[in-house]
Amino acid sequence: MKAKIAILPGDGVGPEIVAEAVKILESVARRFGHDFEMAEHPVGGAAYDRCGDCLPVATLAACKAADAVLLGAVGGPKWDALAPEKRPERRALLTLRAELGLFANLRPAKVWDALQTASPLKDEIVARGIDLLIVRELTGGAYFGEKGRSADRTSAYDVTPYSAHEIERVARVAFDAARRRQDRAASPRPPKVTSVDKANVLETSRLWRETVTALHAAEYADVELDHMYVDNAAMQLVRDPARFDVILTENMFGDILSDEASQITGSIGMLPSASLGASGAGLYEPIHGSAPDIAGKGIANPVATILSAAMLLRHAFGLSGEADAVEQAVANVLAQGLRTPDIAAPGGVQTVSTSELGDAIEAALIKK
Ligand code: IPM
Ligand code: MG
């Protein structure tokens with residue numbers, strides 16, 4: 001197939017890890033006979049330094065014109081002093097999500113066979129299997145609601161608005177994903193969605209629960225559904241992560257729980273994400289940030305971005321064979337024992353650099 005992918009390296013480790021993912025996409029294109037047109041565009045602090053805007057008009061236009069977007073990471077101490085609405089996080093990330101209508105954020109978290117010991121959880125908990133998907137609402141709630149300060153600046157507010165329409169459309173993504181995961185599962189169990197809210201306190205959560213329950217009854221009775229308060233969910237994630245299949249939740253709860261979920265898998269450097277809208281192919285990025293402390297050292301883990309490229313192939317282009325091949329190549333390379341420092345056992349094997357790991361994954365892909 002022929003497709004246009006907008007490449008947004010961004011800041012910190014962004015350019016290094018995106019370069020590895022682009023290498024893999026080029027390799028997939030050659031091996032499977034596709035034509036991917038990949039052009040780079042400035043975003044984040046790097047764009048601010050070049051043109052005074054973390055999301056230049058031309059970058060946004062290129063993302064809208066592309067069939068899919070691959071993003072590295074944005075932000076860093078250099079731009080922390082900018083006004084809140086100009087900072088990379090809000091101006092680049094949140095605006096991109098809003099402008100592209102990316103209301104559903106898919107964040108899979110699993111423990112890879114070769115990395116069981118990297119999880120900080122007890123062996124017997126990890127042995128039960130950790131393989132879950134967080135579906136986070138991405139364009140509503142407190143991050144996008146009205147915000148402000150009192151005139152004397154001693155009180156502040158962030159409104160958390162949600163409509164039934166916003167809840168229903170992301171719930172549908174979660175239920176559909178639960179069904180699809182079962183189709184691909186090695187040992188099928190009934191698809192299950194856990195909807196996470198704070199309905200004992202928040203009115204938006206009560207609407208959330210009502211809406212999810214009604215949609216489930218009307219269209220997804222084959223999927224198991226349970227509801228959990230967010231504080232309990234945070235606890236269950238470390239106590240018994242195997243109980244989760246798909247977690248459906250609002251924007252801020254999903255932001256927090258997905259960082260927690262990443263850590264129980266061993267390293268945030270392993271977790272990809274896909275942000276999807278009603279139309280268009282979406283945006284794909286690692287869930288980790290720009291990690292300015294390790295930028296430019298060649299030690300960042302490129303796997304989260306490479307797996308994001310695999311999600312892009314699967315979700316944006318329907319190329320599931322190609323996506324499987326990339327994921328398998330990652331598994332094979334991990335099984336060979338290659339590790340960047342973040343996933344290396346203390347005192348264990350010698351580690352490899354960002355590009356060495358990328359090269360090894362590419363070689364594993366070609367060999368198949
Ligand atoms: C994430 C990040 C962003 C978010 C920040 C950088 C705005 O933490 O993608 O999880 O909160 O959504
Ligand atoms: Mg986050």
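This section describes the domains, nonpolar core, ligand surroundings and selected local features of a predicted model.

The domain assignment divides the protein into domain 1 (1-100 + 280-368) and domain 2 (110-270). Domain 1 is thus built from two stretches of sequence, 1-100 and 280-368. Taken over C-alpha atoms, the centres of the two domains lie 24 Å apart. Contact between them involves 15 residues of domain 1 and 16 residues of domain 2. On the domain 1 side, at least two residues each come from helix H4 (88-99), H10 and helix H11 (320-335). This side comprises 10 nonpolar, three polar and two charged residues.

The largest nonpolar core contains 109 residues. Within this core, the residues with the most contacts are Val69, Leu70, Val135, Ala174, Ile306, Ala309 and Val326. Helix H10 (residues 303-316) gives the largest share, 10 residues. Both domains take part: domain 1 and domain 2 each contribute at least three residues to this core. The contacts of alanine 309 were examined individually. Leaving aside residues up to four places away in sequence, alanine 309 touches Ala21, Ile24, Leu25, Leu70, Tyr284 and Val326. Of these partners, Leu70 and Val326 are also listed among the residues with the most contacts inside the core.

Three of the partners of alanine 309, namely Ala21, Ile24 and Leu25, are buried residues of helix H1. The other buried positions of H1 are Gly14, Glu16, Ile17, Val18, Glu20, Val22 and Val28. Glutamate thus appears twice in the buried set, at Glu16 and Glu20. Helix H1 covers residues 14-32 and has 19 residues. At 1.5 Å a residue, H1 should span 27 Å, and its end C-alpha atoms are indeed 27 Å apart, so the two values agree. Just after H1, glycine 33 adopts a positive phi of about 75°.

Strand E2 (residues 35-40) includes glutamate 37. This residue counts as exposed because 12 other C-beta atoms lie within 10 Å, and the cut-off for exposure is 12 or fewer. Glutamate 37 is also remote in sequence from tryptophan 208, with their positions 171 residues apart in numbering. In space, their C-alpha atoms are 40 Å apart.

Ligand 1 is surrounded by Glu89, Leu93, Asp255 and Ile287. By class, this shell holds two nonpolar and two charged residues, and no polar ones. Glu89 and Leu93 fall within the bounds of helix H4 (88-99). Asp255 lies within the range of domain 2, whereas Ile287 lies within that of domain 1.

Methods: Residues are numbered from 1 along each chain as its sequence is written. Chains are lettered from A and ligands numbered from 1 in the order in which they are written. This is a predicted model: local features need pLDDT of at least 70, side-chain atom pairs count only at pLDDT 80 or more; totals for chains, interfaces and linings use all residues. A nonpolar core is a set of buried Ala, Val, Leu, Ile, Met, Phe, Trp, Tyr and Cys residues joined through C-beta atoms within 7 Å. A residue is buried if 20 or more other C-beta atoms lie within 10 Å of its own, exposed if 12 or fewer, and partly exposed in between; C-beta atoms are placed from the backbone. Helices (H or I, at least four residues) and strands (E, at least two) are DSSP runs, numbered from the N terminus. Domain bounds come from an automatic or database domain assignment. Two residues are in contact if their C-beta atoms, placed from the backbone, lie within 7 Å. Ala, Val, Leu, Ile, Met, Phe, Trp, Tyr, Cys and Pro count as nonpolar, Asp, Glu, Lys and Arg as charged, and the others, Gly among them, as polar. A residue is near a molecule or strand if its C-beta atom, placed from the backbone, lies within 6 Å of it. The expected span of a helix is 1.5 Å times one less than its number of residues.
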